Amino acid sequence: MRISWITLDKKVQSKVEYGKSPGKYDASATGESINYQYFFYSSGEIHHVKIGPLEPITTYYYRCGGHGPEFSFRTPPSAFPVEFAVAGDLGQTEWTESTLAHIGAKDYDVFLLPGDLSYADTQQPLWDSFGRLVQPYASTRPWMVTEGNHEIETFPIIYPHGFKAYNARWLMPYQESRSTSNLYYSFDVVGTHIIMLGSYTDFDSDSNRCSGCGDLASIDRTRTPWVFVLIHAPWYNSNLAHRGEGESMRKAMEQMFYDARVDVVFAGHVHAYERFTRVYDNKADQCGPVHVTIGDGGNREGLAMSFDNPSPSISLYREPSFGHGRLRVINSTHAHWTWHRNKETNSLHVGDEIWLESLASSALCKETNSSTRSPKDEL
């Protein structure tokens, strides 16, 4: 687990003390700290410390910098079932607070965020307020995120490359997954392989971007029978907002995802919820991924209210409401996806749901290769 925190005092040591009992720290680790400038803004000291090895499904108590408040987190399990909470496009609104409260009202193991975190948009103090907003949740469970368009923060000549604040503050395990950039990486949890890809870096098939794909062709589906991908701009979208913005990425990478039998692709960007059937090349396909747009976490821009009418046949459920999703992977063959809208007072109320069967367990999809398409069918 990597622990990240920020201090105004630049002399605070990048050190985390931790243990299995409150107030008793029998282990410690040191890391590194960085800071950055953005025009007239100077960040605090951003500390990153990786601790472990850790035992699965265990609560650890920890403190940062050798003093201060105690926090605790629980590690994910080492065997099924495992549950992911999923929400994109968070921002810092009352709807964000509602989404986080709904997520926190029911237990989960790992939080997945497909881009657009703070909506700072070059206003750097908003990165700090976002950190304070999510701290009660991000300090207790692993938060695995990828970047969206609101993280780019470029400025001609002065900051031409973008992602300055995001890369400094949200350090993901890209080096551990042999990626060359914090903007794309992969990791394993129990029997799932999860690939985090931004939509705003090179994604041509000839680029080194594919190091972030965790070498899809060589994934051992007996050890990791599930493969999930997170991007920001959706490849499939019947909403009028952001129409076609993920198309170039789809054309560059969809064949690779199809051949690797990716199970689900989660996206954000569009501020609504939409679930598609299994699809490939704009058609229903039993061996393609389910595509889910979950860009309804909060944000300050409001909901994307307008959809195509009538709905395309591959779109099975869509709704412009704030909410979050939960993916509970039961075993190597079955998982349960649910979507929960914020306006329900009961956070357990299900707005949409579906049972999924892993493509690795499908005899049909094992036999079908990229040159012989599977029969077209709804999920």
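This section describes the overall fold, an annotated segment, one loop residue and the internal spaces of a predicted model.

The chain holds five helices and 23 strands. Its C-alpha trace spans about 60 × 45 × 45 Å along the principal axes. The radius of gyration is 20 Å, and a compact globule of 379 residues would have a value near 21 Å, so the chain agrees with the globule rule. Buried residues account for 56% of the 379 residues. Contacts over long sequence distances are also frequent in the count: of those between residues at least 6 apart in sequence, 69% join residues at least 24 apart.

One segment carries a record annotation. An unreviewed UniProt entry assigns "domain: Purple acid phosphatase C-terminal" to residues 288–349. Over this range the chain is 40% strand and 0% helix. The C-alpha atoms at the two ends of the range lie 29 Å apart. Strand E19 spans residues 290–294.

Ser177 sits in a loop. The loop runs between helix H3 (164–169) and strand E13 (184–189). The relative accessible area of Ser177 is 9%; the cut-off for burial is under 20%, so Ser177 counts as buried. Ile195 is 18 residues away from Ser177 in sequence. In space, the C-alpha atoms of Ser177 and Ile195 are 9.9 Å apart.

Enclosed space was examined next. Rolling a probe the size of a water molecule over the atoms shows where empty space is left. The count gives one cavity of 30 Å³ or more. The largest cavity contains about 30 Å³ of space. Its lining consists of Pro234, Trp235, Tyr236, Val265, Ala267, Phe276, His291, Val292 and Thr293. Two elements, strand E16 (264–267) and strand E19 (290–294), each give two or more residues to this lining. Strand E19 gives the most, with three residues. By class, the lining of the largest cavity has seven nonpolar residues, two polar residues and no charged residues.

Open space was treated separately. The second largest pocket holds about 150 Å³. Leu216, Ala217, Ile219 and Arg221 are among its lining residues. Asp259, Ala260 and Arg261 also line the second largest pocket. Leu359, Ala360, Cys365 and Lys366 complete the lining. Seven residues of this pocket lining are nonpolar, four are charged and none is polar. The charged residues are Arg221, Asp259, Arg261 and Lys366.

How values were computed: Residues are numbered from 1 along each chain as its sequence is written. This is a predicted model: local features need pLDDT of at least 70, side-chain atom pairs count only at pLDDT 80 or more; totals for chains, interfaces and linings use all residues. Side-chain values use heavy atoms; hydrogens and water are left out. On a 1 Å grid over the protein atoms alone, a cavity is a set of points where a 1.4 Å probe fits but cannot get out, and a pocket is an open set with protein on both sides within 12 Å along at least five of seven lines; lining residues have an atom within 4 Å of a point. Grid points are joined across faces, edges and corners, and a volume is the space filled by probe spheres set on the points. UniProt positions are given in the numbering used here, feature names are shortened, and annotations may be inferred rather than shown by experiment. Helices (H or I, at least four residues) and strands (E, at least two) are DSSP runs, numbered from the N terminus. Buried means under 20% relative accessible area, exposed over 50%, partly exposed in between (1.4 Å probe, protein chains only). The radius of gyration is taken over C-alpha atoms; the globule rule is 2.2 Å times the number of residues to the power 0.38. Contact means heavy atoms within 4.5 Å.
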